[in-house]
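Thank you all for coming. Please have the sequence and the structure open while I talk, and follow along at whatever pace suits you.

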Amino acid sequence: MTGALQSCNKTLLLLQICLKRSLLENVTYFVYAHFLGIHSFAFYRKSEFLNGFLMNGKVYLVGAGPGDPDLLTVKALRVIGSAQAVVYDRLVSDDILALIPHGCPRFFAGKSCKQKAMTQDEINALLVSLAQSGKDVVRLKGGDPFLFGRGGEEALKLAHAGIEFEIVPGITSAQGCGAYAGIPLTHRGLATGVRFLTGHRMAEEDALKLNWQSLADPETTLVVYMGLVNLEMIAQKLMEHGMPADLPAAAIQQGTTQKQNVLLTTLNKIAALAVEHKLEAPTLIVIGKVAALHEELQWFSDNKIVAESRYFSKNQ
Ligand SMILES: C[S@@+](CC[C@H](N)C(=O)[O-])C[C@H]1O[C@@H](n2cnc3c(N)ncnc32)[C@H](O)[C@@H]1O
């Protein structure tokens, strides 16, 4: 019985795939069915037919990595190449957008701290409706979709709407920026662990609710996403809770791209220097002893280093 069901499912799936590929978009089809002595017929367009009777498309939540297109995974490259619709974020680079098949509809869902091109509800609704129209959708996000990327929220909406989805992980900016700035986040002897934090919610919500005491561990590297706006407060709180003022700290702007900038300094100076050097998003903050290794391990040839990055070799 199970075998018969499985083979029936396989045949249906094959039929669905064949129909999905072969039916033309702007043609109305006449559909006739005969079941238990009942005859029925109707006219359908392709999307109505696939949506109502055959299959929805699938949504791939894809991590595009931190910027360098060479950091895209093989799987990401494959699914982008066969996308029937793409919904992408602000941090997805032009080089990666160039990989989208010619003629494939693309939707900008960009968001930044200050402005929102689409609300999260609108993005969720767009993903569901594109999939329901029978399209295989690639939802392209900077870095990794499950790390400060709201990928979990979108996946939940898809699950609730009964839309099939896959998560394609990407290199998160902590990994990409760490590597391209020559900062090994858990260098033996300097850090026993690493914590990824968001610096963004702190402005909106009760900052004191954060466990600053537990964050203020000089043996653990802190990587702060979206931390530029609240950098002064973050550094101040960490020092108040015991982090040394001269703890190395780095700000990596547009990491892994040709525009990468690394500011290497100390915890007590980083906020003022970030303002002085007019750092802008996307910038990642790395706080901890490992940041100082940038001096010796910087390798990325296009790395432009702002003035204070010489601090350690001159002063320590
Ligand atoms: C909304 S979060 C998205 C994080 C993303 N999902 C990831 O895994 O990297 C955006 C923040 O990630 C960091 N970020 C992303 N790409 C970056 C890059 N190329 N260079 C520096 N920071 C980056 C910045 O802190 C930025 O404000």
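Before I place any residue, I should say that helices and strands here are DSSP runs, at least four residues long for a helix and at least two for a strand, and that they are numbered from the N terminus. With that in hand, and keeping in mind that this is a predicted model, we can put Gln-254 in the loop between β10 and β11.

Let me stay with Gln-254 for a moment, since its phi is near 50°, a positive value in a residue other than glycine. Most residues other than glycine have a negative phi, and most peptide bonds are trans. Is Gln-254 buried or exposed? Gln-254 has 22 other C-beta atoms within 10 Å, and because 20 or more is the cut-off for being buried, it counts as buried.

A second case of this kind is Met-226, whose phi is positive and near 55° although it is not a glycine. Met-226 sits in the loop between β9, residues 220–225, and α10, and with 20 other C-beta atoms within 10 Å it is buried.

Now let us turn to helix α11, which spans residues 267–276 and whose buried residues are Leu-267, Ile-270, Ala-271, Leu-273 and Ala-274. An α-helix has 3.6 residues a turn, so residues three or four places apart point the same way. What do the buried residues of α11 pack against? They pack against α10 (231–240), β10 (248–253), β11 (261–266) and β12. After α11 comes Lys-278, with a positive phi near 55°. Further on, in the loop between α11 and β12, we find Pro-282, and the peptide bond leading to it from Ala-281 is cis, with omega near 0°.

Strand β12, residues 283–287, brings us to the ligand, because of what surrounds it. The shell around the ligand is made of 23 residues, and the closest are Gly-143, Gly-149, Thr-172, Ser-173 and Gly-255. The elements that give two or more residues to this shell are α7 (173–180) and β12 (283–287). Sorted by class, the shell has eleven nonpolar, ten polar and two charged residues, and at least three of its residues come from each of domain 2 (59–171) and domain 3 (174–315).

Next, please find the open sheet of five strands, in which the pairing is parallel and the order is β5-β4-β6-β3-β7. Why is one side of β5 and one side of β7 left without a neighbour in the sheet? The reason is that β5 (106–108) and β7 (165–168) stand at the edges, so each has a single partner strand. From one strand to the next, the twist averages 15°. Looking at one edge in detail, we see that β4, residues 85–88, runs parallel to β5 and is joined to it by three bridges, and that Val-87 stands opposite Phe-107 in β5.

My last stop is Lys-58, in the loop between α2 (46–54) and β3 (59–63). Lys-58 is partly exposed, with 17 other C-beta atoms within 10 Å. Although Lys-58 and Glu-164 are 106 residues apart along the chain, their C-alpha atoms are separated by 5.1 Å. Leaving aside residues up to four places away in sequence, Lys-58 touches Ala-131, Asp-136, Glu-164, Phe-165 and Glu-166.

Key: Residues are numbered from 1 along each chain as its sequence is written. This is a predicted model: local features need pLDDT of at least 70, side-chain atom pairs count only at pLDDT 80 or more; totals for chains, interfaces and linings use all residues. A residue is near a molecule or strand if its C-beta atom, placed from the backbone, lies within 6 Å of it. Ala, Val, Leu, Ile, Met, Phe, Trp, Tyr, Cys and Pro count as nonpolar, Asp, Glu, Lys and Arg as charged, and the others, Gly among them, as polar. Domain bounds come from an automatic or database domain assignment. Two strands pair if DSSP finds at least two bridges between them. Axes are lines fitted to C-alpha atoms, for helices over the stretch in contact, and angles run from 0 to 180 degrees between N-to-C directions. A residue is buried if 20 or more other C-beta atoms lie within 10 Å of its own, exposed if 12 or fewer, and partly exposed in between; C-beta atoms are placed from the backbone. Two residues are in contact if their C-beta atoms, placed from the backbone, lie within 7 Å.
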